[in-house]
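User: Please take a close look at the surroundings of the bound molecules in this model. Then connect that to whatever else can be said about the packing of the side chains.

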Amino acid sequence: MNQRERRRIYSLQNKDPINILKSRIDVSMDNLQKRKTLNSELPQLIQNKMQMVNYTASMQLQQKTKYEQLSLKILKEPYRALNIKQRMITNHFTLQQKIQDTIAYDCIKHILSNTDNTIIKGQVILPVQNEQQYTIPVSRQGSRVVKYDHYGLVFGGHSHRENIEIHAISLLNGQWKRKQEFCQSQIEQLKLRQILNPNLRLGCYFSLNIDENKTIYAFGGEKNTNSRRTTNMVTKISLEDDRLEWQQYQTSIGCRRNHSGIYSHNHLIIIGGLDDSELNTKFYNDFQMINLINMNCTQFYPKFYSKQVIQNDHPFQLGIAYHSATLVGNPYLRMNYDFTSNTKKEEQVDQLFTKEGIYIFGGKDSEDNLYNELYQLIIDTYPSVLQIVETLGQRPSGRRSHSMNYDEKISALLLFGGTNEMECFGDLHLLFLKNYTWQKVQLQGYLEYPFRYEHCSVYNEDKLFIFGGLSQNGFLMYNPIQIQIKFKTILNIHFKHMQINKVCCFGAGYVGGPTMAVMASKCPKQTFVVYDINELQINKWNNKQYPVYEKNLDEYINQTLDNNLIFTCDIDIALKDCDIAFLAVNTPSKKYGLGAESSLDISYIDSCLQEIKKYPLTKKLILVEKSTVPIKTCDYINAVLKDKNICVLSNPEFLAEGTAIQDLLNPDRVIIGGTIEYAQQLASLYQQWVPKEKIIFTNIYSAELSKIVANSFLAQRVSSINSISIICDKIGADVNEISQCVGSDSRIGNKFLKTSVGFGGSCLKKDLLCLIYLCESLQLDEVAQYWRQVYLLNEFQKQRFYNLIITSMFNSLRNKIIVILGVTFKANTNDTRESASLMIIQKLQEEQAILRIYDPQGKIDKLEQYQSLDGIFQGASAIVILTEWEEFTKIDYAQAYNQMAKPSYCFDGRNLLQGDIMKSLGFLYYGLGRI
Ligand SMILES: NC(=O)c1ccc[n+]([C@@H]2O[C@H](COP(=O)([O-])OP(=O)(O)OC[C@H]3O[C@@H](n4cnc5c(N)ncnc54)[C@H](O)[C@@H]3O)[C@@H](O)[C@H]2O)c1
Ligand SMILES: O=c1ccn([C@@H]2O[C@H](COP(=O)(O)OP(=O)(O)O[C@H]3O[C@H](CO)[C@@H](O)[C@H](O)[C@H]3O)[C@@H](O)[C@H]2O)c(=O)[nH]1
């Protein structure tokens, strides 16, 4: 670890976190004040904008003469050279007016129309590098990169050694260039020159730019790794084939590093930075311009505006360093554009100019306060202007040593990584200049790699390449990463919340009832009608004797029933003037014919379609598949109802029984597949309580398939852990411990790793079988076999459990009393469909055992059950636990043991009890996969 690194870590360790936190809170409070205007005080904001327009107009008059004398003095020399100064000035003023109008218009347009429905995803990729063939640079911090054709040229940086060479990373595939390729001659020559002249070298924390002639300019930074002194030199490197140059020039501005340097029009604009070569660290707050033709330097003093009001204080009073600055726009465009010829084009150019300038974000001052405003420095006005940009959306938190790029195609700034001293960021944010809205990119893939600061990055097409930097722990980052950005949906259709007035639902079962109750409570302005052909079922709902047992269901029914929630058997009440109809009827495994026991039976869906077909619809009906259906059921619905004015969407339900209300209130995601215009209409309901980013729009087949796949994955996890329980039984390991160890890996996760007597329920098995059937019908035999094994293992686990009971009891169960605890397929539901207990009870009956069955909620048809646990253990030989009801953990097993026949067995099909305690009480205890 070098001295600087030690100093850095020391300073991190010795920072008073409370003070840091306090200053951060101060900054946030301040921002909160500033930002309050955005939504609530819109008219005021617009007024401000208009005042600004008027103000600018009067300023323009006053300044016109001065402007004519002084305009373009610094940056506009090339304009003068082309003798178009006069035209530029005139146009500039009309332009200024338009800019202000555009800003005001943009702002109103955005807030009123809410068009930012783009989901932006970023795939984090680690490009595979071949060390044999490629020149891979050593890890480093503080290096810089510029774009050169399809390469990022990486210069300098600080690591355990001097980094004077240039590396090229392909911006197409993120691979370092082959040794034999890429301007080998230039690099070799540069190296040679550096060796000949050791003063010509690049250190780190400098700024790097490339001009239109492919000449690279570096300014400032540390001279080299050893001395680590700052410099004020400009290094100029020409990479043109036959004009290779490597020159250095002294400038008159202060030596510095961690400044920002931006190339524009033969000038370098330098902002801030710091110099710690001497004992006292000096933070700069100046704006300097280096003329790259004659190396003359000029300091300039922008007028500072905040909220369109001129400020007396300089925003960077205490200096600014470790920030990022990025140029937006291209002054050449304006120079060559004929404003008189084409008004349409003129508008486009105006749009661009509105956003032009150098954008500055982040960094810190000499007292370690972080900046988190976005500043725009407009350099081509006189005087130049520095203003705080009022942005919408979630602005990135204050940070330093991040990186910022600009992409012209999407007109957005891309801000990545950095640190706030307490944490290191791995996030990517986009600021769309179209509407000044920040949007955070949802990253996927190698999520542990992005976190870094003091890195460098370059953007090309839709990929951000990131190299070097330090990790949270201050270690150098080795892996270069690439983030591929995908824009999921850019929607310009506006939500019209009030367009949906009435919603109906076919099916008042486990899904239909709770789903409509929650929807009705969250969407009080819409009416929800639940329709079922089963009158008994409807009566139960209307009399609050719910046919389903779900925690908190009562609360939602009480809130809504007879207000905006109706249960009925009358199809007219359901379909009259209805906007959206959910199909939430049962789709069990088919019991007959082709695909029997595998394919899903959609005859109940079919019966709904027949009802709809008969009904005289008066307006367009959005028909939503809420039931789990076989793939392409949507095509079938369209075929059946082809003469009706309908649109089909797929919106599968992911609630699990026992936690239905919670799942409906906070779904992990809401998937809506189908025509986007109608999907939006449905989304407008969900948006009343589900965060926008959780609503995923897909194509309709993807939505249908994703439901079947999700349940198959869940089944696969249960079978996986159950298969391990079998191994554990053989070798004496404990499957609960394995679940804990394996589930602690965040990639694997700890859910759905509880071993059991086998998964049950109306969904997992039937949906898994539906996937198997799909594979078979597509003649994908290997894939079908893979999934079938998940199903077979589940059957085996049930069989294994009743074999365990029978063999442990010496195959002699006849007339023995066996207590069955639990018949539901899991706890907290009254549902017994496909419950493992059904099979086990049947097998024990075949052994002629006397069964005493108890379940707090579940009831199996035609089977006598105990209403409570009273007297249930008297004279029994065994207890068999089949459902993980909490009530079963609270039984006094010592007392139960005393009442039971001896030997007393306990077969725990859920690993619910503590085996050693049960054994110490005298039980012959058998769990799954545990000693
Ligand atoms: N139960 C769950 O936890 C769950 C979760 C997610 C998805 N799903 C899926 O949702 C669908 C419904 O499941 P469920 O558990 O609510 O079923 P369910 O059996 O509890 O309820 C279905 C209801 O539909 C009614 N019905 C049948 N034909 C009808 C018709 N033509 N018109 C009106 N009503 C009719 C039945 O009478 C019944 O009350 C299934 O496809 C299932 O796979 C279920
Ligand atoms: O670690 C575990 C988790 C579950 N199970 C068993 O797996 C079965 C299914 O459980 P669960 O998925 O919680 O219940 P369901 O209500 O059937 O819900 C599933 O099926 C629904 C209907 O499609 C989906 O909406 C849900 O997302 C999906 O979890 C039950 O027998 C559980 O006891 C285990 O054995 N071990």
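Analyst: The shell around ligand 1 consists of eleven nonpolar, nine polar and six charged residues. The model is predicted, and every value below is computed from it.

In total, 26 residues surround ligand 1, and the closest of them are Val 511, Asp 532, Thr 587, Ser 607 and Lys 766. Lys 766 also makes a polar contact through its side chain: an N or O atom there lies 2.6 Å from an oxygen atom of ligand 1. A second side chain, that of Gln 537, has an N or O atom 3.4 Å from an oxygen atom of the ligand. With Tyr 510 the contact involves the backbone instead, where a polar atom is 3.0 Å from an oxygen atom of ligand 1. On its own, ligand 1 has 830 Å² of accessible area, of which the protein covers 93%. Helix α14, residues 603-614, gives the largest share of this shell, namely three residues.

Ligand 2 can be described in the same terms. There are 21 residues around ligand 2, and those that come nearest are Leu 655, Ser 756, Cys 763, Phe 825 and Arg 910. By class, the shell around ligand 2 divides into eleven nonpolar, three polar and seven charged residues. Two backbone contacts can be named: a polar backbone atom of Phe 654 is 2.7 Å from an oxygen atom of ligand 2, and a polar backbone atom of Glu 657 is 2.8 Å from an oxygen atom of ligand 2. From a side chain, an N or O atom of Asn 711 is 2.7 Å from an oxygen atom of the ligand. The protein covers 90% of the 690 Å² of accessible area that ligand 2 has on its own. Two elements, α18 (700-731) and α20 (764-777), give two or more residues to this shell. Of the shell around ligand 2, α18 supplies the largest share, with four residues.

Next come the aromatic side chains. Across the whole structure, a search finds 20 aromatic pairs. In one of them, the ring centres of Phe 316 and Tyr 375 are 4.9 Å apart with the planes at 70°, so this pair is edge-to-face. The two residues are 59 apart along the chain and link distant parts of it: Phe 316 belongs to the loop between β14 (309-310) and β15 (324-328), while Tyr 375 is in strand β17, residues 374-378. Phe 316 counts as buried, at 0% relative accessibility, and Tyr 375, at 5%, also counts as buried. The pair of Trp 541 and Tyr 546 is tilted, with 5.8 Å from centre to centre and 50° between the planes. Trp 541 has 0% relative accessibility and counts as buried.

Phe 316 and Tyr 375 also belong to one aromatic cluster together with Phe 287, Phe 300, Phe 304 and Tyr 371. Two rings carry a charged group over the face. Arg 256 lies over the face of Tyr 284, 3.8 Å from the ring centre. Over the ring of Tyr 322 sits the charged end of Arg 400, at 4.6 Å from the centre.

A last residue is Ile 840, placed in helix α22, residues 836-846. Ile 840 counts as buried, at 0% relative accessibility. Its C-alpha atom is separated by 9.5 Å from that of Val 757, a residue 83 positions away along the chain.

Notes: Residues numbered from 1 in each chain as written. Chains lettered and ligands numbered in written order. Predicted model: local features only at pLDDT ≥ 70, side-chain atom pairs only at ≥ 80, totals over all residues. Heavy atoms only, no water. Phe/Tyr/Trp six-rings, centres within 6.5 Å; stacked < 30°, edge-to-face > 60°. Buried < 20%, exposed > 50% of the residue type's maximum accessible area, 1.4 Å probe, protein only. Lys NZ or Arg CZ within 6 Å of the ring centre and 35° of its normal. Near = heavy atom within 4 Å. Polar contact = N/O pair within 3.5 Å; in protein donor to acceptor, adjacent residues only side chain to side chain. Areas by Shrake-Rupley, 256 points an atom, 1.4 Å probe, with all protein chains shown as cover. Nonpolar A, V, L, I, M, F, W, Y, C, P; charged D, E, K, R; others polar.
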